[in-house]
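Welcome, and please have your viewer open with the selection box ready. We will go from stop to stop, and each one tells you what to select and what is there.

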Amino acid sequence: EGAEIYYNPTTQNVGIGTTNSTSKLTVIGDITCNDLNSTSDVSLKENIHTIEDALNTVSQLRGVTFDWKETQKSSIGVIAQEIQEILPELVTDGSPKSVNYNGIIAILIEAIKELKSEINILKNK
């Protein structure tokens with residue numbers, strides 16, 4: 001028995017397992033796929049800048065373990081409201097809130113590079 005699919009003709013949003021789709025596709029439950037690719041082509045972007053002070057930003061983030069209320073399934077992630085205080089551009093304003101985890105990856109990349117630089121300085125002393 002699968003989840004029901006709902007279409008809202010007014011918003012043109014689709015919900016799987018929910019009648020309250022807050023984006024073009026909202027799924028309540030797990031999604032399994034071989035690859036998940038996010039559009040990231042430079043031709044679609046402007047005003048591009050390298051993230052600065054990433055290590056300080058990462059130190060303000062909190063990773064958590066938790067159980068989903070609906071399924072009691074254990075998981076790992078972040079809390080949208082906490083991320084919103086530090087990186088508001090990565091959190092939707094809807095209810096429930098959602099987080100752009102790809103954006104967190106970009107911060108982590110730059111933080112690792114900052115750490116590598118600090119390690120290299122210490123090694124050379």
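Which residues lie nearest the centre of the largest pocket? Select V27, W68, K97, S98 and V99, and you have them. Before you go further, keep in mind that this is a predicted model.

**Stop 1: the pocket**

Now widen the selection to the whole lining, which comprises 39 residues. The space in this largest pocket comes to about 1900 Å³. To see which elements line it, colour β3, β4 (64-67), β5 (74-77), α2 (80-86) and α3 (101-123), since each of them supplies at least two residues of the lining. Pick out β5 for a separate colour: with 4 residues, β5 gives the most to the lining of the largest pocket.

**Stop 2: the aromatic pair**

Stay with W68, one of the residues nearest the pocket centre, and add F66 as sticks. A search of the whole structure finds 1 aromatic pair. The ring centres of F66 and W68 are 4.9 Å apart and the planes meet at 85°, so this pair is edge-to-face; the cut-off for that label is an angle over 60 degrees. How accessible is each partner, F66 and W68? F66 has a relative accessibility of 22% and counts as partly exposed. W68 is also partly exposed, with a relative accessible area of 48%.

**Stop 3: the open sheet**

Next, select residues 5-8, 13-16 and 25-27, which are β1, β2 and β3. Together these strands form an open sheet in the order β1-β2-β3, and the pairing is mixed. At the edges stand β1 and β3; each has a single partner strand, so one side of each is left without a neighbour in the sheet. From one strand to the next, the twist averages 15°.

Zoom in on β1 and β2. These two strands run antiparallel and are joined by 4 bridges. Which residue of β2 is the bridge partner of Y6? Click on G15 to find that partner.

From here, look back at β3: this edge strand of the sheet also supplies at least two residues to the lining of the largest pocket.

**Stop 4: the loop after β3**

Finally, follow the chain from β3 towards α1 (54-60) and select S40, which lies in the loop between the two. Show the side chain of K45 as well: a polar contact of 2.9 Å joins the side chains of S40 and K45. Is S40 buried or exposed? S40 falls in between, counting as partly exposed at 48% relative accessibility.

Definitions and conventions:
Residues numbered from 1 in each chain as written. Predicted model: local features only at pLDDT ≥ 70, side-chain atom pairs only at ≥ 80, totals over all residues. Heavy atoms only, no water. Pairing = 2+ DSSP bridges. Axes fitted to C-alpha atoms, helices over the stretch in contact; angles between N-to-C directions. Buried < 20%, exposed > 50% of the residue type's maximum accessible area, 1.4 Å probe, protein only. Polar contact = N/O pair within 3.5 Å; in protein donor to acceptor, adjacent residues only side chain to side chain. Phe/Tyr/Trp six-rings, centres within 6.5 Å; stacked < 30°, edge-to-face > 60°. 1 Å grid on protein atoms, 1.4 Å probe; cavity = no way out; pocket = protein on both sides within 12 Å on 5 of 7 lines; lining within 4 Å. Points joined across faces, edges and corners; volume = space filled by probe spheres on them.
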